Amino acid sequence: MPELPEVETIKRQLATHLPGLSLIKLEFLDAKTGRFIDQKELVHIIGKKIRALKRRAKILLLEFENGYYLAIHLKMTGQIILKGEHTKHLPNKHTRAVLYFQKGKTIYFQDLRKFGWLKITNRQKLMAEKLGPEPFGPEFTLSYLQDRLKKSNRPIKIFLLDQSQIAGIGNIYANEALFLAKIRPQTRAKEISLNKAKILYQQILAVLKKGIELGGASDSDYLNAYGSRGQYQEHFLVYRRQGQPCPNCQALIKRISLGGRGSFYCPQCQKK
Ligand SMILES: [Zn+2]
């Protein structure tokens, strides 16, 4: 699933194309993708001008000048592709929605498995979402993380995926940050020492930053707005590397399931 770095990459790319342009038409080729949109709400965004591109957690936000937002969640297999040389094959059978803007700018929302969605929302509704602080925002401090860890009895890996604790971290970056912080995924959040929490805090920011720098991870379906793959998957330390040697100590990486998600760790480097 695209996580913070992947959605941030798309956001930055679209930000160079869409601001100042009006959305002319929003067409759903599959009703499921538009399941959260009431026809009556369309007046808030059709014919309205884009002010900026934003991101909250793993959600891409097209902000309109009137204060409304079109929120897009890619979920498992969603892609947001800007029409261009690379989209001669689109639309195709996986195109679920098409957004037409002024000056011929067009976005294809591709989604193999159809878990993704579009929603029309506003600032008030966004604020009411139960989402934790943004990792690169002012509220995500070391003391915030230490405090939240102390209050949680859940395995740290599950804690990191909880969007109400920290927004934007998914399976890839949680596994990688825990490896770098030398913390085993099963360790209870409240058992993590203050010092280890500090290292974890730094590594969360480091892996997300690296993810953005490398344009995200394309280990499965992710493509950026230009239809290209990210590079982070070439730098995975433990994620989906079960049975392969640890980059630090050569012990074989293990895979376990936690909360139904694959968790990968080095049994030597991540002792507890
Ligand atoms: Zn190791």
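The exercises below work through a zinc site, a helix and the domain layout of a predicted model.

**Exercise 1. Determine which protein atoms bind the zinc ion and what geometry they form.**

Step 1. The donors are the SG atoms of C246, C249, C266 and C269, at 2.2 to 2.4 Å from the zinc ion.

Step 2. Along the sequence, these donor residues follow the spacing C-x2-C-x16-C-x2-C. C249 sits in the loop between α6 (194–213) and β9 (254–258), while C266 sits in the segment after β10 (261–265), so this pair ties together parts 17 residues apart in sequence.

Step 3. The angles subtended by the 4 donor atoms run from 100 to 114 degrees. Four donors count as tetrahedral if all angles lie between 85 and 135 degrees, so the arrangement around the zinc ion is tetrahedral. For reference, the ideal angle for four tetrahedral donors is 109.5 degrees.

**Exercise 2. Classify each zinc-binding cysteine as buried or partly exposed, and state how many disulfides the structure holds.**

Step 1. The cut-off for buried is under 20% relative accessible area, and partly exposed lies between that and 50%.

Step 2. C246 has 0% relative accessibility and is buried. C266, at 0%, is buried. C269 has a relative accessible area of 14%, so C269 is buried.

Step 3. C249 has 33% relative accessibility and therefore counts as partly exposed.

Step 4. The number of disulfides in the structure is 0.

**Exercise 3. Work out how far helix α5 is enclosed, and by which elements.**

Step 1. Helix α5 covers residues 171–180, and 9 of its 10 residues are buried. Among them are I172, Y173, L178 and F179.

Step 2. Because of this count, α5 is largely enclosed by the rest of the structure.

Step 3. The packing partners of its buried residues are α1 (4–14), α4 (156–161), α6 and β10.

Step 4. Just after α5, K182 has a positive phi of about 55 degrees.

**Exercise 4. Describe the domain layout and the segment that UniProt annotates.**

Step 1. The domain assignment divides the protein chain into domain 1 (4–128) and domain 2 (142–265). Their centres, taken over C-alpha atoms, are 28 Å apart. Domain 1 gives 21 residues to the contact and domain 2 gives 19 residues.

Step 2. An unreviewed UniProt entry lists residues 237–271 as "domain: FPG-type".

Step 3. Over residues 237–271 the chain is 29% strand and 0% helix, with 16 Å between the end C-alpha atoms.

Technical notes
Residues numbered from 1 in each chain as written. Predicted model: local features only at pLDDT ≥ 70, side-chain atom pairs only at ≥ 80, totals over all residues. Heavy atoms only, no water. Disulfide = S-S within 2.5 Å. Buried < 20%, exposed > 50% of the residue type's maximum accessible area, 1.4 Å probe, protein only. Donors = N, O, S within 2.8 Å, 3.2 Å for Na, K, Ca; no water. Tetrahedral: all angles 85-135°; square planar, octahedral: opposite > 155°, others 65-115°. Helix = DSSP H or I, 4+ residues; strand = E, 2+ residues; numbered from the N terminus. Contact = heavy atoms within 4.5 Å. UniProt positions renumbered as here; feature names shortened; annotations may be inferred. Domains from an automatic or database assignment.
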